[in-house]
Structure formats: structure tokens, C-alpha cells
Amino acid sequence: MDEAYLILHSTNYSNSIVLFGNKIVCEGCDFEKIATIHPNRNTTVIINTKYAYDLELRSEPSNLSSLCQITSYKFAEHGTYMFHVVEITSDVGACFIKQIGNPSNYWTPVIVGVIFVVLYIALTQLWHHRYRSQYYNYFLSNILHRQSKHIGQQTVNQSDEDTIRATAELPVTNSIHLPNPRKLPKRLRALDTFRGFSLMVMIFVNYGGLSGQVDVTDLKTLRILGVLARLASCYFFTALIVLLLDKKDNERDVSDSTDVKQTLRTELFNCIFQFWTQWLLVIIITTGWLLITFLLHVPNCPTGYLGPGGKHSHGRYWNCTGGAAGYIDRVVLGNSHLYNDPTCKEIYHTKVPYDPEGILGILTGTLLCYLGVQAGHIFIHCTRTSRICAYWILSGIICGSLGLILSHGGHSNSWIPINKNLWSLTFVLILASLAFFIVTILYLLVDVYRWFTGAPFLWLGMNSIVIYIAHGRFGTSFPVQFLDNNTHVEELAMHLYGSFFWSFVAGFMYYKKVFIAI
């Protein structure tokens, strides 16, 4: 998979020339030698098709002057290409690439996969309505049977009932009118749906990186941190903030009525400003991340370095992967307890381990978690659906705007790049922005208008931790995975099947009313 043939052909060069290349995702990297092109002879190389390339032709490896260049060329999988080189002068050449063999149509399985997902969601909606209708008909038939069974006795006792009703209508001395009992807050099904959607995406993506299980018996190389550890840490610190600084009597009655009007000033105070002490502490935590990231001295690395190390910046900072975040993890936890195959290793050929769920990221993760708490505050204290949606959308716009400003519109050479491995501040803000928008849409579809039941994502969201742990433990075993992924078609099929499999498990637990929470 992810390979193509590149045939190198020199038309009129009398001497050997050298082709250099660099993946465009490898920013600030030196060009590396791909192959030597000999005169009057074709040279065939296998080239990776995951990323586009910048290609450069040189007269010899030590000579940095370029004879010709091709920028941002993307090879297609299983294609065959001819790289033609023509000498114009001793210092100038012409080169171009021509496709001579048809590549595989890798978009076809993607389109088919999307169609399968849409059909699966549609079938779950039909199943849900069918399931509910069966139970509705069952209870309705029981009620009708009971009514027909007791119709005779109801006729006999009609006169007695009239007497009792007349007596009940008489005024009672010193009687007290009791208000309707307080309705319990409803569970926000849109949030469970969103959680399940996120989990299904995680499972689908993880199948590309699951290569085996961790040997927990080898404590010397046990990875201490991880996804669940990151979630637990962020939830723990966020819960402390809320429990220690929350007011006791700040919950309202969430009922079916959403027409109770509040002034804008009162609503803003109830939703945001009354929690100013919590926001102050969260801002202090975020400031702490900024100070540590940009001011902590890391030996042999520039202060405030946020790059991947390795080949980045022309190899000047090989052991600076992750900057301050990576340095703290290596000092506190040790290299043997960190993730040894970060995503940057494939591109930048890094030498030191780096854990994307490291210690420093807990600070920005806590900010993201508290933004979720703020979404809950808005839902609880706003009394109108339109206001809830408006505040969520406004929050998404604010977070997204801050993230784009700090990252210069998503550029890596910016104040704070959007970096998932670092859990940078901009990454958290952009992620929160998307979450606000998505939960608004799901809230309208699932809870307000009820055009969408939430299934199958709702099933996963109701047992998210259990499904995630089971996926991590048994995700590569039969019957979840049983094919060697030698092509993208097989790989996509297995990834979709694995995601559907765990949604089936979650659906079975949902309809059996088995919910396991921590």
C-alpha cells in the first residue's frame, strides 16, 4: 500500500545526476537523496504516496545548486510515473513527470464506505422506531384487554363512583393547595450522541495504529500515561474546581417549558459571571501552560521551541521533540515510560520518545474540560432554547476566533501552532469551537425537534468508557479483526467493520438497559 513506481530517465546528460526529495509535510527539513540517474539508462525507485513531494535535481550530492525543481507533486497509489530529465546547459536542466501507468482508484472505497455509514445510520433509525412501536403495541393491547375485562364491573360501580366524585368536589376545611412536584432534569441526549460520535471516530482511527497489546507485566517499559489517564486527570482537576468553587443553590428546574423569560443581564450572570472564581482559576492554569511552554529552559534547545525535533529546522534540534512538554515528561517519567512511536517520528525521524498525552497537556486539557462545564452552565441556567443555542454558537465563534488569531490562520510558523500532539492552546480552542457548533446542531436535531434519535452514536455514548476499554483490549482479536490489511479496500473494510461491531455491542447493552459508568 501507499507506493508507486517512479522511473528516472536522462535524455542527453553525459554524466550521472542525483534526484533529491523532501515530503512537503516535513517543514524545515533538508532534501534527501532518492536515487542517482545514470546516462542512457533507466532507474526505477519505489516512492511513498502518502505525502506530496518537493523534488530537486542536482549534478552531484555535494552540490546544493539545483538543475531543476518540481514542487508539491503528489503520486497516486500503485501508479507508474516517468521522470524525464533534459540537459539544456551545463548548469540548467529541464525535468517533468509523466504518468504512464494508471493508479488504483482509492476514492472508490472511501465513497462506498461513506454510503455504508449513511445506510447504517438510516437502518438504526428504522430499527429504533420499529422497536418502540412493538413495545407500544404490546402495552396498548394489555391496556385494552384490561379495560374489556373490567367493563362489567365498571358499569356496576358507576353509581358508587358518581357518589365519590360528588363528595370529592365538596370544599375541605383548612385544605392546602400543593404545587406540582419538581420535575427532575432531563438527560441531554445530544451530549450522549456527541460523545458516541467522537468515540466511533476514535475507534475507526485507532484501527490504523493498533499493532498489539501492552505487556503490563513489564513494569520497566510500561507506558504510564495514555488517553484514559489524560481524561481522568482533566476530569479530576475540573471536578475539583467545580466542587470547591461552585455555589450550593444554583440549579434551576429543567422542565418541558422553555418560555420563561429572563433579562439578558440576569441570564448572563446566571450562566457566566456567577462562576467568575472558577474562570479565574482556569485562566491561571492556562497562563501556567503558557509560561512553562515559552519560558522554561530546556537544555540544548531554544526557549519556547514547539517543533518536533529530528530533521526539523535542518536537524539543529534533534533531541528537542515537544519542547518543554517533552522535556518535562522525560525528566519526570523517564524515557522508558513514554510513548516511543509518536506520529512525528515517521516524518522527522526523531530519536527521543515523546508522549502526546503528557503531563503539560493536562493544563490545556483542563481548560477544554471546563469549557464543557460552561456549556452545561448555559444549558442549566438559560430558560429558552433559542438563548441556549445562541450562547453555544457565540462561544464557538469566540473560541474559534482566538484559536485562528493565535495560530495565524492555522500556520505552523505562528505564535501558537495548532498541534494535537502538544495539545497546544490553539488546538484546544479550535476543538472547543467545533464541539460547541456540533452539540448545538445535535441538540436541535435530537432533543428539541427530535428529527434524529441519536442512534447508533447514542448507544456508544451511554457506555463510552466500557466500549473504549474493550476496544483497546480486544480490538485486534477475532472476531473484531480477521483480515491482513494489504490494500486500502481491505483496510477500510476492516476499520468500518470494527467500528460497526462495537456499535452493535453498545446497542445490545443499550436495549438491555445495561449502563456502566465510572
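Begin the tour by selecting Lys 23 and Tyr 53, for Lys 23 stands opposite Tyr 53 in strand β5. As you look, keep in mind that the model on your screen is a predicted one.

**The strands around β5**

Now widen the selection to residues 53-58, which make up strand β5, and you will find that the strand is mostly covered, with five of its six residues buried. Add residues 17-23, which form strand β2, and you can follow six bridges along which β2 and β5 pair in the antiparallel sense. Then add residues 68-73, strand β6, which also pairs with β5 in the antiparallel sense, here over four bridges. Return for a moment to Tyr 53, and ask which residue in β6 is its bridge partner. The partner in β6 is Tyr 73, while Lys 23 is the residue that stands opposite Tyr 53 on another strand. If you display side chains while you are here, it helps to know that in a regular strand they alternate between the two faces of the sheet.

**From β6 to the hairpin**

Next select His 78, which you will find in the loop between β6 and β7, the latter being residues 80-87. The phi angle of His 78 is near 65°, a positive value in a residue other than glycine. This deserves a pause, because most residues other than glycine have a negative phi. Is His 78 buried, partly exposed or exposed? Its relative accessible area is 42%, so His 78 counts as partly exposed.

Carry on into β7 and select, together with it, strand β8, residues 93-101; the two strands pair in the antiparallel sense over eight bridges. Between them runs a hairpin, which joins β7 to β8 through five residues. To see one pair of partners in this region, select Phe 83 and then Ile 97, its bridge partner in β8.

**Glu 32 and its contacts**

Move now to Glu 32, which has its place in strand β3, residues 32-37. With 36% relative accessibility, Glu 32 is classed as partly exposed. Select Gly 21 as well, and draw a line between the two C-alpha atoms: Gly 21 and Glu 32 are 11 residues apart in sequence, and the line should come to 5.5 Å. Which residues does Glu 32 touch, once its neighbours within four places in sequence are left aside? They are Leu 19, Phe 20, Gly 21, Lys 311 and His 349.

**Two cavities**

Turn next to the inner spaces, of which a search of the whole structure finds two with a volume of 30 Å³ or more. The largest cavity holds about 50 Å³ of space, and to find it you can select lining residues including Arg 230, Ala 325, Asp 329, Tyr 354, Asn 421 and Leu 422. If you colour the whole lining by class, you should see six nonpolar, three polar and three charged residues.

The second largest cavity has a volume of about 30 Å³, and its lining is made of Thr 293, Leu 296, Val 298, Pro 302, Thr 303, Gly 304, Tyr 305, Gly 323 and Ala 324. Here the classes come to five nonpolar, four polar and no charged residues.

**Two unusual backbone spots**

Select Trp 423, in the loop between α12 (385-406) and α13. Its phi is near 50°, again a positive value in a residue other than glycine, and with 13% relative accessibility Trp 423 counts as buried. Then go to Pro 456, which lies in the loop between α13 (425-448) and α14. The peptide bond joining Ala 455 and Pro 456 is cis, with omega at about 5°, and for comparison, most peptide bonds are trans.

**One side of helix α15**

For the last close view, select helix α15, residues 464-474, in which Ser 464, Ile 467, Tyr 468, Ala 470 and His 471 are buried. These residues lie on the same side of α15, because they cover an arc of only 165° around the axis. Show α4 (189-206), α5 (227-245), α14 (457-462) and α16 (488-511) as well, for these are the helices that the buried residues of α15 pack against.

**Stepping back**

Finally, show the whole protein, whose secondary structure comes to 16 helices and eight strands. Of its 518 residues, 40% are buried.

Key. Residues are numbered from 1 along each chain as its sequence is written. This is a predicted model: local features need pLDDT of at least 70, side-chain atom pairs count only at pLDDT 80 or more; totals for chains, interfaces and linings use all residues. Side-chain values use heavy atoms; hydrogens and water are left out. On a 1 Å grid over the protein atoms alone, a cavity is a set of points where a 1.4 Å probe fits but cannot get out, and a pocket is an open set with protein on both sides within 12 Å along at least five of seven lines; lining residues have an atom within 4 Å of a point. Grid points are joined across faces, edges and corners, and a volume is the space filled by probe spheres set on the points. Ala, Val, Leu, Ile, Met, Phe, Trp, Tyr, Cys and Pro count as nonpolar, Asp, Glu, Lys and Arg as charged, and the others, Gly among them, as polar. Buried means under 20% relative accessible area, exposed over 50%, partly exposed in between (1.4 Å probe, protein chains only). The arc is that of the directions from the helix axis to the C-beta atoms. Contact means heavy atoms within 4.5 Å. Two strands pair if DSSP finds at least two bridges between them.
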